[in-house]
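User: I would like to learn how to read the features of a model such as this one. Please give the general idea first and then the case at hand.

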Amino acid sequence: MTTMLMFAAALVPAILLFIYMWHKDAKKEPANQLLCAVLLGVVVCIPVSFVESGIQYVLFGDMELQAVSLVDCAVDAFFVAAIPEEAFKLIVLWLFLRRNQFFDEHYDGIVYAVCVGLGFAGFENIFYVFDNMEDWQTVAIARALLSVPGHYAFGVLMGYYYSRYHFGGKHTSDAIKTFAVPVLAHGIYDTIAFSQELDTFEGSISFVVLIVFCIWMHRAAQRRIKEQVARDKDFNDQRNNMPPNNWTFPQA
């Protein structure tokens, strides 16, 4: 019974965020496409873990990093976690969408990027929860409120700029932001989270800062969701009211 509760605690947050994101999609994507994107996020956890271990060894040797400063936290956050994780997510997203006939609306980029991110977050969450058997409830609650929604927000940011690049003329700036913006958000998030281990006083301040940053990040993600949903609605309204030869897809 406890094992089932632990699996539920690890996966339910990702499932709820998926339902929320899916509900926002006016033209629902095929279930098999959504499942495939989620599974890609799960599968990519394996190579990411090897790459992160390799980077950890190169940067810090065979000893686990004991952060003594904010710089140590930032190096660990960006180079061991944010950059490799977001890079692999973007790679599988690109492989999945580059010839996907169902990727035909701005919001679709967010949908599929979030699916990849939540697949990754859900699978990762299982290991965190089961790796802390004695205190799994606390770990599950903390990750349900912060870590899993974090991956959701990173996915929204990646999908938003991916769609801007795809539908908006393939500008180099949007291509760069597709990777740079989620890496920056992820790296800042982890830097603040890791800094809680420096000492009790700094940890307390970091926790408050982390909450504020998460609220800001999710508001930013929500604005981008509303923007893409509205853009697709405008396009569909235009398509329904004009002859086919006059359709023009709105620029991102």
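Analyst: Start with exposure: buried means under 20% relative accessible area, exposed over 50%, and partly exposed in between, with a 1.4 Å probe and protein chains only. At 34% relative accessibility, K27 counts as partly exposed. This is a predicted model, in which local features need pLDDT of at least 70 and side-chain atom pairs count only at pLDDT 80 or more, while totals for chains, interfaces and linings use all residues. Residues are numbered from 1 along each chain as its sequence is written, and side-chain values use heavy atoms, with hydrogens and water left out.

User: What is the mean pLDDT of the chain, and which elements have the lowest and the highest mean?

Analyst: pLDDT is the predictor's confidence in each residue, from 0 to 100. The chain has a mean of 89, and 92% of its residues reach 70 or more. Elements here are DSSP runs numbered from the N terminus: helices are H or I with at least four residues, and strands are E with at least two. Helix 2 has the highest mean pLDDT among the elements, 97, and helix 8 the lowest, 86.

User: How is a salt bridge defined, and how many does the structure hold?

Analyst: A salt bridge is a side-chain nitrogen of Lys or Arg within 4 Å of a carboxyl oxygen of Asp or Glu. The structure holds five. One of them joins D104 to K27, with the closest N and O atoms 2.6 Å apart. This pair links distant parts of the chain, 77 residues apart: D104 is in the loop between helix 4 and helix 5, and K27 is in the loop between helix 1 and helix 2. D104, like its partner, is partly exposed, with a relative accessible area of 31%.

User: Where do E86 and K89 lie, and are they buried or exposed?

Analyst: Both lie in helix 4, three residues apart, about one turn of the helix. Their side chains meet in a salt bridge of 3.1 Å, N to O. E86 and K89 are both buried.

User: Why are R231 and E227 separated by about one helical turn?

Analyst: Because they are four residues apart in helix 8, the separation is about one helical turn. R231 forms a salt bridge with E227, and the closest N and O atoms are 3.3 Å apart. R231 counts as buried at 14% relative accessibility, whereas E227 is partly exposed at 29%.

User: What span should helix 2 have, and which of its residues are buried?

Analyst: The expected span of a helix is 1.5 Å times one less than its number of residues. For the 13 residues of helix 2 that gives 18 Å, which agrees with its end C-alpha atoms being 18 Å apart. Q33, L34, A37 and G41 are buried in helix 2. Seen down the axis, these buried residues fall within an arc of 100°, so they line one face of the helix; the arc is that of the directions from the helix axis to the C-beta atoms. On the other side of helix 2, A31, L35 and V43 are exposed.

User: What does the buried side of helix 2 pack against?

Analyst: Contact means heavy atoms within 4.5 Å. The buried residues of helix 2 pack against helix 1, helix 3, helix 4 and helix 5. Take Q33, which is buried at 14% relative accessibility. Not counting residues up to four places away in sequence, Q33 touches F96, N100, F102 and Y112.

User: Which residues of helix 3 are buried, and which are exposed?

Analyst: C45, V48, E52 and Q56 are the buried residues of helix 3. They fall within an arc of 70° seen down the axis, so they line one face of the helix. The face turned away from that buried side carries the exposed residues F50, Y57 and V58. Helix 2, helix 4 and helix 5 are what the buried residues of helix 3 pack against. After helix 3 comes G61, with a positive phi near 80°.

User: How many residues are in the largest nonpolar core, and which have the most contacts inside it?

Analyst: A nonpolar core is a set of buried Ala, Val, Leu, Ile, Met, Phe, Trp, Tyr and Cys residues joined through side-chain atoms within 4.5 Å. The largest has 47 residues, and L93, Y152 and Y189 have the most contacts inside it. Helix 6 gives the largest share of this core, 12 residues. Leaving aside neighbours within four places in sequence, L93 is in contact with Y112, A113, V116, M158 and Y162. Another core, of six residues, lies apart from the largest one and includes A10, I126, W136 and A140.
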